[in-house]
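Hi,

Here is the structure I promised to pass on. Have a look at it first, and my notes follow underneath.

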Amino acid sequence: LAAMDMWKPFRNSVKKNAPKARIVFDKFHIMGHLGDALDEVRRDLWQQLRRLPDGRWAKDFKGSRWALLKNPEDLTENQSAQLAKIRRNRGGIWRAYEMKEQFRPIFAGALDRDEAAVLLDRWCARAQRSRLAPFIKAAKTMRHRRDLILNAVEHGISNGRVEGLNTKVRLIIRRAYGFHTADAALALVM
């Protein structure tokens with residue numbers, strides 16, 4: 001098994017160097033792809049609101065990014081209130097948020113490959129009809145990579161922990177710039 005990002009050169013490398021490996025697209029990257037689509041819809045709406053003569057709408061929408069991208073169970077009170085405002089106003093941004101959240105059960109861990117396939121196909125069909133260009137594009141990607149996504153569901157493999165560790169290592173390295181002795185860098189790490 002090879003769990004990986006959705007980037008084509010990664011797949012090609014595995015196919016070339018380990019032809020018998022079963023490729024699995026990582027939940028971490030798939031959900032990130034959907035988060036990017038949601039963020040694109042949010043940015044478009046933000047630009048439209050900023051151009052309105054009344055700045056009140058843009059001001060009310062400001063700060064919605066993290067409320068939209070976070071998992072619902074991780075929201076702060078302010079972010080929950082922001083999301084409730086977005087829900088009341090409906091529109092494309094709420095549809096985009098629902099699209100992201102409706103994809104989540106595919107990786108919840110309670111489904112077998114066939115059940116996940118049904119949900120994935122339904123999600124792709126809905127995304128194609130959403131009239132939200134980033135989600136139409138995401139659905140096309142998901143359809144083309146369907147078997148690799150279902151491999152992830154079937155095997156329950158994720159790179160989430162590794163990606164989280166990579167982020168921490170990059171943060172330590174970035175903070176260590178300017179330290180010229182090993183003792184100073186070690187003190188930062190500790």
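What covers the buried residues of α9? The cover includes α1 (8-17), β2 (23-25), α2 (27-51), α7 and α8 (133-144). Helix α9 itself spans residues 146-155, and its buried residues are L148, I149, L150, N151, A152 and V153. (Buried means under 20% relative accessible area, exposed over 50%, partly exposed in between, with a 1.4 Å probe and protein chains only; helices are DSSP runs of H or I with at least four residues, strands are E runs of at least two, both numbered from the N terminus.) Right after α9 comes G156, with a positive phi near 65 degrees.

Before I go on: this is a predicted model, with pLDDT of at least 70 needed for local features and 80 or more for side-chain atom pairs, while totals for chains, interfaces and linings use all residues. Residues are numbered from 1 along each chain as its sequence is written, and side-chain values use heavy atoms, leaving out hydrogens and water.

Now the helix pairs. α7 and α9 pack at about 135 degrees, their axes 9 Å apart (axes are lines fitted to C-alpha atoms, for helices over the stretch in contact, and angles run from 0 to 180 degrees between N-to-C directions). That makes α7 oblique to α9, as angles under 35 degrees count as roughly parallel, over 145 as roughly antiparallel, 65 to 115 as roughly perpendicular and the rest as oblique. From α7, R113, A116, A117, L120 and D121 meet a set in α9 including R146, I149, L150 and V153; contact means heavy atoms within 4.5 Å.

Helix α6 (residues 91-103) packs on α7 (residues 113-129) at about 170 degrees, with the axes 10 Å apart. So α6 is roughly antiparallel to α7. Here E98, M99, Q102 and F103 in α6 meet L120, W123, R126 and A127 in α7.

Then there is the largest nonpolar core, with 41 residues, where L34, F103, F107, L120, W123, F135 and M142 touch the most other members. (Such a core is a set of buried Ala, Val, Leu, Ile, Met, Phe, Trp, Tyr and Cys residues joined through side-chain atoms within 4.5 Å.) α2 gives the most to this core, 7 residues. Leaving aside neighbours within four places in sequence, F135 is in contact with residues including L34, M99, W123 and A127.

One last spot to look at is R131, in the loop between α7 and α8. Its phi is positive, near 65 degrees, in a residue other than glycine. R131 counts as exposed because its relative accessibility is 69%.

Cheers
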